[in-house]
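User: I'd like to learn how to read a protein model feature by feature. Could you walk me through one?

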Amino acid sequence: LSFAETLGTAICLHELRTATPVACDFGDLPASAPNALKACAYQFVSQGLTRASQQSAGGAVHVRATGRENLEIELCYEVERSKRLPRLAEEFEHEHLRRHIEALGGKLLVRAEAERLLRITARFGAGSPEDTRAAAVPAA
């Protein structure tokens with residue numbers, strides 16, 4: 001599978017399991033990638049969508065992926081008002097997925113934005129930002 005097909009498979013399986021549409025925006029992605037990177041990206045999207053279905057306020061979940069040399073995959077969704085945004089971000093931070101991403105030279109960023117928006121990003125390649133784990137989550 002190509003890199004885009006790998007991400008698309010994770011999204012399609014989630015949509016079939018949950019009967020929930022996912023908005024996708026795939027930019028210029030590599031035609032091929034190492035299997036380890038594709039597996040990690042698949043796991044990131046799959047786990048992110050599962051969390052989004054458990055935490056979202058019922059709005060759209062958006063998956064964006066772009067970059068050939070500096071690959072970036074991002075999930076973004078609005079969180080239910082009853083959920084504590086900083087705590088949700090911290091929970092995602094502690095998942096074993098961070099270790100997989102970092103083992104491939106990438107970074108996992110979890111940001112609480114606006115009032116209820118959670119943005120989860122995996123970045124790979126040259127130019128990955130410094131680790132902003134602590135600064136990305138506002139104090140409770």
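**Reading helix H1 and its surroundings**

Analyst: Let's begin with a helix: the buried residues of H1 are Phe 3, Thr 6, Leu 7, Gly 8, Ala 10, Ile 11 and His 14. Buried means under 20% relative accessible area, exposed means over 50%, and partly exposed lies in between, with a 1.4 Å probe and protein chains only. Helices (H or I, at least four residues) and strands (E, at least two) are DSSP runs numbered from the N terminus. This is a predicted model, in which local features need pLDDT of at least 70 and side-chain atom pairs count only at pLDDT 80 or more, while totals for chains, interfaces and linings use all residues. Residues are numbered from 1 along each chain as its sequence is written, and side-chain values use heavy atoms, with hydrogens and water left out.

User: What covers the buried residues of H1?

Analyst: The cover includes strand S1 (22–26), H2, S2 and S3. Phe 3 shows how to read this residue by residue, with contact meaning heavy atoms within 4.5 Å. Beyond residues up to four places away in sequence, Phe 3 touches Leu 29, Pro 30, Ala 31, Ala 33, Leu 37, Lys 38, Ala 41, Leu 71 and Ile 73.

User: How do I read a nonpolar core?

Analyst: In soluble globular proteins, nonpolar side chains tend to be buried together. A nonpolar core here is a set of buried Ala, Val, Leu, Ile, Met, Phe, Trp, Tyr and Cys residues joined through side-chain atoms within 4.5 Å. The largest one has 30 residues, and Phe 3, Phe 44 and Ile 73 touch the most other members. Helix H2 gives the most to this core, with seven residues.

User: Ser 46 is in H2 too. Is Ser 46 buried or exposed?

Analyst: Ser 46 counts as buried because its relative accessibility is 17%. Helix H2 spans residues 35–55. Leaving aside neighbours within four places in sequence, Ser 46 is in contact with Ala 10 and Arg 17.

User: What should I look for just after H1?

Analyst: Check the backbone angles there. Most residues other than glycine have a negative phi, and most peptide bonds are trans. Ala 19, which follows H1, has a positive phi near 55°. This residue is found in the loop between H1 and S1. With a relative accessible area of 69%, Ala 19 is exposed.

User: How many disulfides are there?

Analyst: A disulfide is a pair of cysteine sulfur atoms within 2.5 Å, and by this rule the count is zero. The closest cysteine sulfur to that of Cys 12 is in Cys 24, at 7.5 Å, so the distance is too far for a bond. Cys 12 is partly exposed at 43% relative accessibility, whereas Cys 40 is buried at 4%.

User: And the chain as a whole?

Analyst: There are five helices and five strands, running α-β-α-β-β-α-α-β-β-α from the N terminus. Buried residues make up 44% of the 140 residues. Among contacts between residues at least 6 apart in sequence, 69% join residues at least 24 apart.

User: Where should I be careful?

Analyst: Look at pLDDT, the predictor's confidence in each residue, from 0 to 100. The chain's mean is 81, and 80% of its residues reach 70 or more. Over residues 127–140 the pLDDT is below 50, although this stretch has 26 contacts in the model beyond near neighbours in sequence. Where pLDDT is low, the predicted coordinates should not be read in detail.
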